[in-house]
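Student: Could you take me through one part of this structure up close? I'd like to look at the contact between the chains, seen from one side.

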Amino acid sequence: MILERRKKYLQIALNSNLIEAERIIQNLPFSNQIIIEAGTPLIKTYGFRVISEIKKIALRRISDEDIRKEYIKTFPSSMQFLMAKNFTSRQIMVDCLINKGKFSLFEPYVVADIKCNDLARKEIAVVSGAQAATCLGVAPIETIDSFVEGCRYFHIDSMIDMMNVENPLLVLKKLKQIPDVVMLHRGVDETEINKEKQIPYYQIRQIKGNYDVLISVAGGDTIEEVERAFFNDADIVVVWKSFYKNTEDTAKIAQEFYKKLKVSPANKI
Amino acid sequence: MLNKRLSYLQIALNGTLSEVKGVIGLLPASDRILIEAGTSFIKTYGIEGISFIDRLWSYKLGKKGYIVADLKCMDRGFTEVMAAKDSGAQAATCLGLAPIQTVNLFIEKCKELNIDSMIDMMNVEFPFGILEKLKQIPNIVVLHRGVEQLEVSNKEIPYLQIHKILETYDVLISVAGGETFKEVGGAIFNDANIAVVWKAFSENPSQTAKLAKTFLREIR
């Protein structure tokens, strides 16, 4: 599994278009505890190329100066002084860092929210570049099994989205292999029409008591809801609405989430 | 948009753009052939992929062809239907297992945009249970046997459900999951309006273009 246990993650779902996505990503704080989700509508609109587009956008937000600092650090201390005076193009510096295994500094963790329901092997094979993919919990069990197996084969994290599943434990019991992440989900349409529908927090401990998986909670959008989800032992909280509706406020909201998450900003390069 | 008295063959395309181009080139031009932009295809190429199929098939027919966008919508019925309509699709699909609010919004939006709504009952034990809860009835109900269900469990196509649904609701029935001419004929014989095939066309296009010609000749 790529994600680390014991860490808390904030997942930002991008659902509108690439221009909005760029604005949102540019405003996000640097951290490997922030996950970017290529939402289903975005994938269905642009196709899988949207994943590499997101990665390119994320790379653009790193300044030349920051890249140069990291690039110079890769040389022996005796050479660093000389390298600092040399002009090297951004692309060469990035390529060099990637070749030296510093790729994780630039590559955000991207979830492809493909909501797989059939033809799992085919879909996973083409989700190029993503670190995780999602499959529906309401899909046939054969499909979920094939999905989890495929994710293991391609070394990406498998996430099972339990939207509209009454009892996720019943689905997990039937599986041959356990996925890496279980998502407890309240749909967007559900939330807008039935405001009383609650996120099933009680299921988090139920699932964790039985299976060694990470729990992701989707469908909340206020800071209070995010805090409540973490308080209830969720490992990942997915937010979308605040980011989707007010791009201008994104930086503020993200920073606030960031503070509440208490993540160390040391990940900024 | 579809005629209840006619039988249709829906061909699901899930390959690459060049494979899709090749398959469409082999197919006989007929109104009774519906072209489906499969879910995997849409996820790979996006709405541009649907427009690509629409352009090719409409060119072949010499008029606007019938394209199904197999969105398998699970949430945000509104956004996805808009995208499908913009790309030239005449029908879009929503999962029967989606939250009822999503299915309702999906049907409502399809009516508003004047495209056919298809509800895919894959992995739904009792399609009636879903139809009963809806505010409006969709245009088409798809009875579905998934690819993995077929390969791993050899699950049967639920022909029994066709009559039950037709007796109660004024909808068209589409049956997905059969591949041979025998299975396609079986679905139509059992009163389905649309038979969906996918595997044969992606694995052996020339052989299966024959199936389409036989379908047009033998089944009315």
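Tutor: Sure, and a definition comes first: two residues count as in contact if their C-beta atoms, placed from the backbone, lie within 7 Å. This is a predicted model, where local features need pLDDT of at least 70, side-chain atom pairs count only at pLDDT 80 or more, and totals for chains, interfaces and linings use all residues. Residues are numbered from 1 along each chain as its sequence is written, while chains are lettered from A and ligands numbered from 1 in the order in which they are written.

With that in hand, chain B puts 33 residues into the contact and chain A puts in 31. On the chain B side, the elements giving two or more residues are α2 (39-61), β3 (67-73), α3 (77-86), α4 (100-113) and α6 (147-153); helices (H or I, at least four residues) and strands (E, at least two) are DSSP runs, numbered from the N terminus. The largest share of that side, 9 residues, comes from α2(B).

Now zoom out to chain B itself, which has 10 helices and 8 strands. Its C-alpha atoms fill a box of roughly 45 × 35 × 35 Å along the principal axes. Among contacts in chain B between residues at least 6 apart in sequence, 61% join residues at least 24 apart.

As for the partner, chain A has a mean pLDDT (the predictor's confidence in each residue, from 0 to 100) of 82, with 83% of its residues at 70 or more. Over residues 264-269 of chain A, the pLDDT is below 50. Where pLDDT is low, don't read the predicted coordinates in detail.
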